[in-house]
Amino acid sequence: MSASGCGPVSYYPGCSQESTAVEYDRSARAVCAALGIELRELHDWNCCGASSAHAVSHVLALALPARNLALAQAEGYGTLVAPCAACYNRLRRADAVLRERDSADAAAVEAAVGEGFRYTAPVQVKALVEVIGRDAGPAAVAARVRRELAGLRVVCYYGCLLTRPRQVTGYDDMENPVLLDQVMRACGAEALDWSYKTECCGGGLSVVRSDAVRRLVGEILDMAVEAGADAVVTACPMCLANLEMRRTAAAVGGAGVGGGGAGLPVFYFTELMALAFGLPGVGGWLRRHLVDPVPALRRRGISV
Amino acid sequence: VGVGGSSVAQPGEPKQPREPRDAYVIGRDASAPVDAAFRRLVEARAGTAVGLCYQCRKCTAGCPVAEVMDHPPGEVVRLAQLGQRTALLGSSAIWLCAGCETCAARCPNNVNIPAVMDVLREEAIAAGVAAAVPQAQVFHESFLAPVRAAGRQYEAGMLVLYKAVSLDVFSDLGVGVKMLAKGKIPLLPKRVRGLRQVRGIFARSAGGGGRDRLGGLVGVLRHLPAGLRRAAARVAARARGRREGVAGR
């Protein structure tokens with residue numbers, strides 16, 4: 001019996017976890033192992049199509065994630081966990097459509113997936129932060145903490161796809177989600193209230209309209225500085241890459257942050273959990289960031 | 001000055017014809033005919049009733065990219081109510097929508113604006129309407145090409161395709177090199193075993209199997225890993241040469 005109380009679960013890493021967000025993948029696996037959550041990587045998973053599939057084709061945008069639901073259904077663990085907010089959202093959408101057994105959409109998606117796929121034993125699609133923050137729960141997280149992140153002031157940044165739209169995610173409060181905040185507090189960090197929790201960072205347009213995206217990222221970082229944060233915490237590889245890449249020096253020039261222009265760092269929540277759990281490997285993960293997060297930790301007396 | 005800005009006509013003076021303008025869409029000529037059939041098509045495919053919109057503009061107020069769109073979300077819904085096919089399919093709004101779902105979350109009448117955007121984009125592609133933001137369409141095609149070819153994303157391939165087709169070669173080179181150095185852009189693609197099924201999904205999805213502007217360029221994907229490996233080996237050899245040169249001194 002695992003801490004999540006549900007036995008092994010299928011794990012859908014998603015493409016980012018093998019490229020820009022390897023540190024999210026490694027820290028997610030380490031933290032889950034520490035909590036007794038058994039992740040079994042979904043065999044032969046494919047890309048969910050992300051924003052680009054639904055930009056061009058309704059059926060493609062549902063059928064690409066649906067192939068992964070078909071694989072998860074066959075593996076039979078009953079739960080499919082995605083660390084990436086975008087993958088989670090696309091998988092949830094496909095799941096919602098396929099559960100409407102009599103709809104034309106469901107039939108079209110099943111036909112597109114092919115190979116006789118019928119979604120007769122639906123799986124529970126969950127975001128990693130839900131499995132950790134809700135199924136395992138803050139108490140289990142707190143019980144595993146070996147070194148509290150006392151004094152570290154963070155703002156939790158949820159972005160878009162973890163919470164919206166409600167019909168897809170089932171999230172309780174789309175304007176003020178608290179799940180990540182609870183996990184961070186369980187690790188001993190101070191999770192600050194701020195108003196940009198669910199503002200969009202423009203990740204999907206990052207390459208195409210980097211000018212517009214720079215403004216969005218600048219506003220988010222400015223608000224984090226205004227809230228008095230040492231760091232931003234996220235559960236989305238697109239948000240993290242965007243918040244690191246699309247910042248201008250001026251956007252993080254506020255007092256108290258990133259002295260010497262190092263800038264406000266952005267963490268995956270699992271990296272900070274691993275740090276609080278005293279797990280090995282954290283230093284290597286943090287070195288992969290484009291904005292060095294170590295100085296901000298040091299200022300709060302947290303060594304890596 | 002009377003209602004609507006026209007001066008009160010004096011007896012005997014001919015009435016000034018009022019310019020037909022839409023009260024809700026800046027610059028729109030209100031004399032353009034309403035196309036109810038197109039409106040019904042959008043409503044049916046998006047599964048939402050644009051007719052419920054009473055133009056409160058909450059969607060536009062919360063939209064992160066409204067200021068770079070030609071028609072912000074509130075205007076898109078208004079144009080959809082009027083079935084303004086040409087204006088909608090040619091708009092930059094449908095290509096700049098970030099898909100963040102803020103508008104849908106806040107709409108008091110549950111108009112599913114992101115679904116409307118998706119339908120309009122698909123319609124524009126199907127009708128062969130030139131994208132008002134061509135690089136956005138190139139990006140999506142470049143993103144999907146490696147997925148069709150290998151089943152998973154191959155960032156290096158996607159970026160090479162995007163840059164080759166959009167001719168936007170020089171932006172982001174600095175950050176790209178930094179990401180390569182941090183190992184965030186793998187040199188080799190990953191391939192799923194069930195590739196036949198993935199390709200079948202593309203072929204069986206409307207809009208997924210169609211021709212795109214990448215054409216023969218997708219063949220680059222096959223040769224890219226070897227090319228990148230050779231380039232990486234050259235860089236490593238040169239670095240080794242430099243180190244040995246320094247050590248030998």
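Which side chains meet B:Asp172 and A:Arg246 in, a salt bridge or some other pairing, and what is the N to O distance? I started with this pair. The model is predicted. The side chains of B:Asp172 and A:Arg246 form a salt bridge, at 2.7 Å from N to O.

**Entry 1: the pair between chains**

I looked up where each partner sits. B:Asp172 is in the loop between helix 9 and helix 10 of chain B, and A:Arg246 is in the loop between helix 11 and strand 8 (266-268) of chain A, so the salt bridge joins two chains. I then checked accessibility. B:Asp172 is partly exposed at 25%. A:Arg246 is buried at 1% relative accessibility.

**Entry 2: helix 11 of chain A**

I went on to helix 11 of chain A, residues 237-245. How many of its nine residues are buried? I found eight, and the helix is mostly covered. The buried residues are A:Pro237, A:Cys239, A:Leu240, A:Ala241, A:Asn242, A:Leu243, A:Glu244 and A:Met245.

**Entry 3: the loop between helix 9 and helix 10 of chain B**

I came back to chain B for surface patches. B:Val169, B:Phe170 and B:Leu173 make a nonpolar patch of about 320 Å². B:Val169 lies in the loop between helix 9 (155-166) and helix 10 (173-181). B:Asp172 of the salt bridge lies in the loop between these helices too. Why can B:Val169 count toward a patch? Patch residues need over 30% relative accessible area, and B:Val169 has 38%, so B:Val169 passes that cut-off.

**Entry 4: other salt bridges**

I counted salt bridges over all chains and got 26. Side chains of opposite charge can pair when their charged atoms come close. I noted two in chain A.

A:Asp25 and A:Arg26 meet at 2.7 Å, N to O. A:Asp25 is buried at 2% relative accessibility, whereas A:Arg26 is partly exposed at 42%.

A:Arg153 pairs with A:Glu190, with the closest N and O atoms 3.5 Å apart. This pair links distant parts of the chain: A:Arg153 is in strand 5, A:Glu190 is in strand 6 (residues 190-191), and they are 37 residues apart. A:Arg153 is partly exposed at 25%. A:Glu190 is partly exposed at 37%.

**Entry 5: helix packing in chain B**

I looked up helix 1 (residues 36-46) and helix 7 (residues 113-126) of chain B. At what angle do their axes cross? I read roughly 115°, with the axes coming within 9 Å. The crossing is right-handed. On the helix 1 side, the contact residues are B:Phe38, B:Leu41, B:Val42, B:Arg45 and B:Ala46. They meet B:Ala115, B:Val116, B:Val119, B:Leu120, B:Glu122 and B:Glu123 of helix 7.

**Entry 6: backbone exceptions**

Most residues other than glycine have a negative phi, and most peptide bonds are trans. I searched for exceptions.

B:Gln55 has a positive phi of about 60° and is not a glycine. B:Gln55 sits in the loop between helix 1 and helix 2 (58-62) of chain B. Is B:Gln55 buried or exposed? At 12% relative accessibility, B:Gln55 is buried.

B:Asn110 also has a positive phi, near 55°. B:Asn110 is in the loop between helix 6 (102-106) and helix 7 of chain B. B:Asn110 is exposed, at 62% relative accessible area.

In chain A, I found a cis peptide bond between A:Arg164 and A:Pro165, with omega about -15°. A:Pro165 lies in the loop between strand 5 (153-157) and helix 8 (166-169).

Notes
Residues are numbered from 1 along each chain as its sequence is written. Chains are lettered from A and ligands numbered from 1 in the order in which they are written. This is a predicted model: local features need pLDDT of at least 70, side-chain atom pairs count only at pLDDT 80 or more; totals for chains, interfaces and linings use all residues. Side-chain values use heavy atoms; hydrogens and water are left out. Patches are made of residues with over 30% relative accessible area and no salt bridge: like charges are joined within 9 Å, nonpolar side chains (Val, Leu, Ile, Met, Phe, Trp, Tyr) within 5 Å. Accessible areas come from the Shrake-Rupley method with a 1.4 Å probe; for residues, only the protein chains shown count as cover. A salt bridge is a side-chain nitrogen of Lys or Arg within 4 Å of a carboxyl oxygen of Asp or Glu. Helices (H or I, at least four residues) and strands (E, at least two) are DSSP runs, numbered from the N terminus. Buried means under 20% relative accessible area, exposed over 50%, partly exposed in between (1.4 Å probe, protein chains only). Axes are lines fitted to C-alpha atoms, for helices over the stretch in contact, and angles run from 0 to 180 degrees between N-to-C directions. A crossing is left-handed if the near helix is turned anticlockwise from the far one by less than a right angle, and right-handed if clockwise. Contact means heavy atoms within 4.5 Å.
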